[in-house]
Amino acid sequence: MKKSALSIGVIGCGNISGIYCRRIKEFPVLSLAACADLDRAKAEARANEFNIPTVLSPDELLLNPSIDIILNLTTPQAHYTIARRALEAGKHVYNEKPLCVELHEAKTLLKLARKHRRLIACAPDTFLGAGLQTCRKLIDDGVIGTPVAATAFMMCHGHESWHPNPEFYYQHGGGPMLDMGPYYLTALVSLLGPVARVCGSASISFPTRTITSQPKAGTLITVETPTHIQAVLEFASGACATIITSFDVWGARLPFIEIYGSLGTLSCPDPNTFGGPVKLYVPGKYDWAEVPLIHGYAENYRGLGLADLASAIRDKRPARANGDLALHVLEVMHAAINAGRLGKYIKIKSSCARPAPLSLNQNHSL
Ligand SMILES: NC(=O)c1ccc[n+]([C@@H]2O[C@H](COP(=O)([O-])OP(=O)(O)OC[C@H]3O[C@@H](n4cnc5c(N)ncnc54)[C@H](O)[C@@H]3O)[C@@H](O)[C@H]2O)c1
């Protein structure tokens with residue numbers, strides 16, 4: 001085990017676990033100690049691939065005294081139960097997004113973390129990547145003046161053409177907002193601060209989906225959750241944003257995220273990636289100029305937020321991808337989904353601090 005590294009136990013050895021296992025090995029603060037999955041064969045496959053020393057059952061892993069942080073890479077519907085049991089067992093927790101499905105569950109997790117004096121953090125960590133950290137620096141340096149508005153668009157036709165087990169994307173707890181909204185909203189909150197109120201509309205354009213990926217090609221999925229959600233977000237700062245997340249659109253040419261300031265416009269990269277491009281339009285100064293990325297982690301560095309959590313535990317400071325931020329994003333997502341049905345603006349009760357930016361000299365030191 002690396003010196004002073006925190007010991008990581010992975011629960012959920014599916015699709016996304018590969019990149020985490022690969023990157024964990026690059027951070028001196030992390031040591032990949034054990035893995036588990038309901039399907040033991042999946043855990044054994046990951047253990048073989050990445051030389052993970054121990055394969056356990058999920059129960060054994062949750063109770064194993066040598067594990068410091070549970071990395072919860074299960075599907076969203078299991079996030080709450082695994083995280084709750086991990087906190088109750090005295091572990092720190094890093095969940096894949098969303099933090100959990102229900103807002104009251106998120107509140108319980110944060111309370112439990114406080115009670116047990118443990119930290120809970122949550123993906124996405126893409127906002128810590130080179131692209132969005134460069135955007136953050138440009139905004140904080142006043143390059144586009146005061147941000148007054150933003151747009152954010154995630155438009156696609158869902159995941160049943162490539163994901164081997166796509167059912168969860170169409171069940172309660174899935175859908176484009178809970179699935180992809182965390183990338184966009186976490187980026188917006190990191191750039192603009194917390195959201196104050198939300199209105200919107202949500203619909204199910206296609207009541208069934210047919211899986212075309214293997215091994216379940218031909219299987220019909222009944223869609224249980226809205227798959228096209230558009231919302232207006234009013235930030236506490238006074239800035240206003242429009243967001244659309246959709247699994248109902250075959251093609252679109254809309255930007256990922258744009259921030260409109262009193263002096264100019266910032267075009268942000270895909271918030272589901274760590275890199276660029278970052279582009280600036282400031283009349284008389286920048287004509288959609290591509291800005292060189294000034295931070296590290298421009299590649300797929302899933303695990304960066306986990307490394308930040310481990311450093312935060314060691315240094316006794318808040319994690320950047322912290323539970324308050326994830327709970328706030330979850331509340332905004334639920335508001336976006338529910339506002340149309342309720343026919344009103346929904347006031348967001350939670351708030352959070354903008355996570356501290358990564359300093360330039362912190363590159364690769366986590
Ligand atoms: N696939 C991607 O590209 C991607 C990208 C970013 C984030 N994510 C997020 O990562 C998480 C996992 O997604 P995935 O694509 O890897 O899903 P997946 O279905 O491929 O893998 C999930 C794994 O968790 C296991 N599991 C489920 N419930 C469990 C439980 N109670 N105890 C132990 N194991 C359990 C399953 O057996 C499965 O192996 C989701 O929250 C998803 O939103 C996925």
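Two residues are taken to be in contact if their C-beta atoms, placed from the backbone, lie within 7 Å. In the predicted model described here, 71% of the contacts between residues at least 6 apart in sequence join residues at least 24 apart. The protein chain contains nine helices and 17 strands. Its radius of gyration is 20 Å, close to the 21 Å that the globule rule gives for 366 residues, so the chain is as compact as a globular protein of that length. The C-alpha trace spans about 60 × 50 × 35 Å along its principal axes. Of the 366 residues, 50% count as buried.

Strands of a sheet pair through backbone hydrogen bonds, either parallel or antiparallel. One open sheet of the model is built from six strands in the order 3-2-1-4-5-6, with parallel pairing. Its edges are strand 3 (54–55) and strand 6 (120–122); each has a single partner strand, so one side of each is left without a neighbour in the sheet. Within this sheet, strand 1 (residues 6–11) and strand 4 (residues 69–72) run parallel and are joined by four bridges. Val 10 stands opposite Leu 71 of strand 4.

Another open sheet holds nine strands in the order 16-15-14-13-7-12-11-8-17, and here the pairing is mixed. Strand 16 (286–291) and strand 17 (346–347) stand at the edges of this sheet, and each has a single partner strand, so one side of each lacks a neighbour in the sheet. Strand 7 pairs with strand 13 in the antiparallel sense over five bridges, and the bridge partner of Ala 152 in strand 13 is Ile 257. Strand 13 is also joined to strand 14 by four bridges, again with the two strands antiparallel. Strands 13 and 14 form a hairpin with three residues between them. Across this pair, Glu 258 stands opposite Ser 267 in strand 14. Ser 267 in turn stands opposite Lys 279 in strand 15. Strand 14 (residues 265–268) and strand 15 (residues 278–282) pair in the antiparallel sense over three bridges.

The side chains of strand 13 alternate along its length. Ile 257, Ile 259 and Gly 261 point to one face and are buried, whereas Glu 258 and Tyr 260 point to the other face and are not buried. Ile 257, on the buried face, is thus the residue paired with Ala 152, while Glu 258, on the other face, is the residue opposite Ser 267.

Two helices lie across strands of the nine-stranded sheet. Helix 6 (residues 130–140) lies across strand 7 (147–155), strand 13 (257–261), strand 14, strand 15 and strand 16, and runs at about 165 degrees to strand 14. Helix 7 (residues 175–192) lies across strand 7, strand 8 (195–203), strand 11 (228–235), strand 12 (240–246), strand 13 and strand 14. The angle between helix 7 and strand 7 is about 160 degrees.

Most residues other than glycine have a negative phi, and most peptide bonds are trans. Several loop positions of the model depart from this pattern. The peptide bond from Gln 214 to Pro 215 is cis, with omega near 10 degrees; Pro 215 is placed in the loop between strand 9 (208–210) and strand 10 (220–222). The peptide bond from Gly 276 to Pro 277 is also cis, with omega near 5 degrees, and Pro 277 lies in the loop between strand 14 and strand 15.

Positive phi values occur at Tyr 297, where phi is near 65 degrees, and at Lys 316, where phi is about 55 degrees. Tyr 297 is in the loop between strand 16 and helix 8 (304–315). It counts as buried because it has 24 C-beta neighbours inside 10 Å, the cut-off for burial being 20 or more. Lys 316 is in the loop between helix 8 and helix 9 (323–342). With 7 C-beta neighbours inside 10 Å, Lys 316 counts as exposed, a class that requires 12 or fewer.

The ligand is surrounded by 21 residues, of which the closest are Gly 12, Gly 14, Asn 15, Ile 16 and Glu 96. Helix 4 (residues 76–88) supplies the largest share of this shell, three residues. By residue type, the shell divides into nine nonpolar, six polar and six charged residues.

Technical notes: Residues numbered from 1 in each chain as written. Predicted model: local features only at pLDDT ≥ 70, side-chain atom pairs only at ≥ 80, totals over all residues. Rg over C-alpha atoms; globule rule 2.2 N^0.38 Å. Pairing = 2+ DSSP bridges. Axes fitted to C-alpha atoms, helices over the stretch in contact; angles between N-to-C directions. Near = placed C-beta within 6 Å. Nonpolar A, V, L, I, M, F, W, Y, C, P; charged D, E, K, R; others polar.
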